[in-house]
Amino acid sequence: MAVPLFDTATPLAPLRETIMERIAEVVADSRFVLGPNVQAFEQEFAEYLGVRHVIGVANGTDAITVGLRALGVKPGDDVIVPALTFYASAEAVVNAGGRPVFCDVDHDTRNVTVETVRAALTPRTRAIVSVDLFGLPAPDLRELGIPVLEDAAQAAGARHNGAMAGALGDAATFSFYPSKNLGAFGDGGAVATDNDDVAALARSLRFHGSRDKQTFEHVGYNSRLDEIQAAILRVLLPHLDAWCHGRRAAAAAYEAAGVGRYVGVPAVPEPTDPAWHLYVVTHPRADDVMSRLNDAGIQARAYYRVPLHRQPAMAPFVDGIGPLPVTDQLAATIVALPISPVLTEAQAGEVVAALAEATA
Ligand SMILES: Cc1ncc(COP(=O)(O)O)c(C=O)c1O
């Protein structure tokens with residue numbers, strides 16, 4: 001039996017009719033940008049996250065750029081970013097005028113820690129991008145006394161210590177790219193924050209740096225969540241918790257099937273409910289294992305094989321940074337296994353059986 005890496009279609013099937021109705025309503029209403037659905041989604045998502053403000057933007061990359069500027073990052077400021085994450089986490093720092101300073105991650109959680117961030121601090125550090133990698137919330141870094149932007153693109157629906165991912169920094173950002181845990185039918189993103197001033201600046205930056213469309217106080221962006229995507233996200237949001245529960249059940253099924261006998265599995269520090277956007281394991285022969293899984297019909301994929309401090313576009317930012325041994329080791333050994341809210345125990349068992357052969 002083939003097992004796909006993601007299954008976005010099955011969870012959406014029962015909602016398709018409602019989604020089509022909501023899209024038709026937007027078309028009939030003819031308000032396509034920053035209309036009532038964006039406003040309502042911003043409120044509903046803020047309530048879900050337990051924060052005061054959500055600002056919808058065009059995608060998760062812009063959300064980081066806007067969020068960092070709203071936190072006060074100015075041209076030339078240093079911003080600490082893990083070297084093991086999607087490229088956008090660092091690209092957005094550069095687009096905000098900042099200089100990414102790469103830090104290492106913890107081997108077992110794959111996330112930054114207070115210590116790995118502390119080791120990368122410079123006199124010019126103005127903010128930290130704390131990525132909830134693969135759906136596991138990163139530790140709360142606010143004890144360091146530097147503004148924290150939580151990149152929760154992969155962690156919608158996760159919880160840490162009773163708080164939602166997205167409420168664990170001074171501001172947080174989300175991506176609603178279709179394959180994400182809360183995925184729209186196109187691009188979308190959001191900035192979330194409890195801070196009224198950060199929210200006001202982010203709201204202005206997403207619309208050309210203007211609050212009233214007459215006076216332009218900042219050089220900003222045209223980066224807005226559109227009405228159709230917001231209308232769809234409003235249908236999906238009430239299902240996010242159940243979907244994340246399904247993702248955790250899939251991870252539990254892998255563990256029950258003995259996945260840890262063959263590969264390294266992610267550590268989950270208590271008290272955390274991860275949202276497993278990706279279920280990522282490690283093996284010293286990662287590429288070989290992956291191609292054997294693929295041969296057996298099990299879709300598996302490498303992520304971040306070339307970590308950010310080794311990407312050509314980041315070359316101007318790596319002089320003087322220390323070695324990042326854990327990032328390098330993880331980048332070489334990571335394999336993402338199939339995961340979705342509807343992955344069955346039988347599928348998990350099949351993947352683990354294929355892993356047993358692939359790693360023999
Ligand atoms: C960790 C992380 N940050 C940022 C992004 C960027 O989001 P988007 O693709 O919506 O711009 C993504 C997703 O692709 C991501 O995985």
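**Close-up views of a predicted model**

**View 1. The ligand shell, sorted by class.** Around the ligand, the shell holds five nonpolar, seven polar and two charged residues. Keep in mind as you browse that this is a predicted model. The shell has 14 residues, and those that come nearest to the ligand are G60, T61, D151, S175 and K180.

**View 2. Side chains that meet the ligand through N or O atoms.** Let's zoom in on three of the nearest residues, T61, D151 and S175. In the side chain of T61, an N or O atom is 2.5 Å from an oxygen atom of the ligand. The side chain of S175 also places an N or O atom by a ligand oxygen, here at 2.7 Å. For D151, the partner is a nitrogen atom of the ligand, which is 2.7 Å from an N or O atom of the side chain. How much of the 380 Å² that the ligand exposes when taken alone does the protein bury? The answer is 90% of that area.

**View 3. The pocket and the helices around it.** Step back a little, and you will find that the ligand takes up the space of the largest pocket. Two elements, α4 (60–70) and α5 (88–95), each give two or more residues to the shell around the ligand. Of these, α4 provides the largest share of the shell, with three residues.

**View 4. A small piece of sheet with three strands.** Here is an open sheet with the strand order β7-β6-β10 and antiparallel pairing. Because β7 (163–164) and β10 (272–273) stand at the edges with a single partner strand each, one side of each has no neighbour in the sheet. Strand β6, made of residues 159–160, pairs with β7 in the antiparallel sense over two bridges. If you would like to trace one bridge by eye, start at R159 and look for its partner M164 in β7.

**View 5. A cis peptide bond ahead of β10.** Which sense does the peptide bond from E270 to P271 have, cis or trans? It is cis, with omega near -15°. P271 itself belongs to the loop that runs between α9 (240–256) and β10.

**View 6. A positive phi at a leucine.** Our last stop is L34, which is not a glycine and yet has a positive phi of about 50°. You can find L34 in the loop between α2 (16–29) and α3 (36–49).

Terms used. Residues are numbered from 1 along each chain as its sequence is written. This is a predicted model: local features need pLDDT of at least 70, side-chain atom pairs count only at pLDDT 80 or more; totals for chains, interfaces and linings use all residues. Side-chain values use heavy atoms; hydrogens and water are left out. A residue is near a molecule or strand if one of its heavy atoms lies within 4 Å of it. A polar contact is a pair of N or O atoms within 3.5 Å; within protein, one must be able to donate a hydrogen and the other to accept it, and residues adjacent in sequence count only if both atoms are side-chain atoms. Accessible areas come from the Shrake-Rupley method with a 1.4 Å probe; for residues, only the protein chains shown count as cover. On a 1 Å grid over the protein atoms alone, a cavity is a set of points where a 1.4 Å probe fits but cannot get out, and a pocket is an open set with protein on both sides within 12 Å along at least five of seven lines; lining residues have an atom within 4 Å of a point. A molecule sits in a cavity or pocket if more than half of its atoms lie within 2 Å of its grid points. Helices (H or I, at least four residues) and strands (E, at least two) are DSSP runs, numbered from the N terminus. Ala, Val, Leu, Ile, Met, Phe, Trp, Tyr, Cys and Pro count as nonpolar, Asp, Glu, Lys and Arg as charged, and the others, Gly among them, as polar. Two strands pair if DSSP finds at least two bridges between them.
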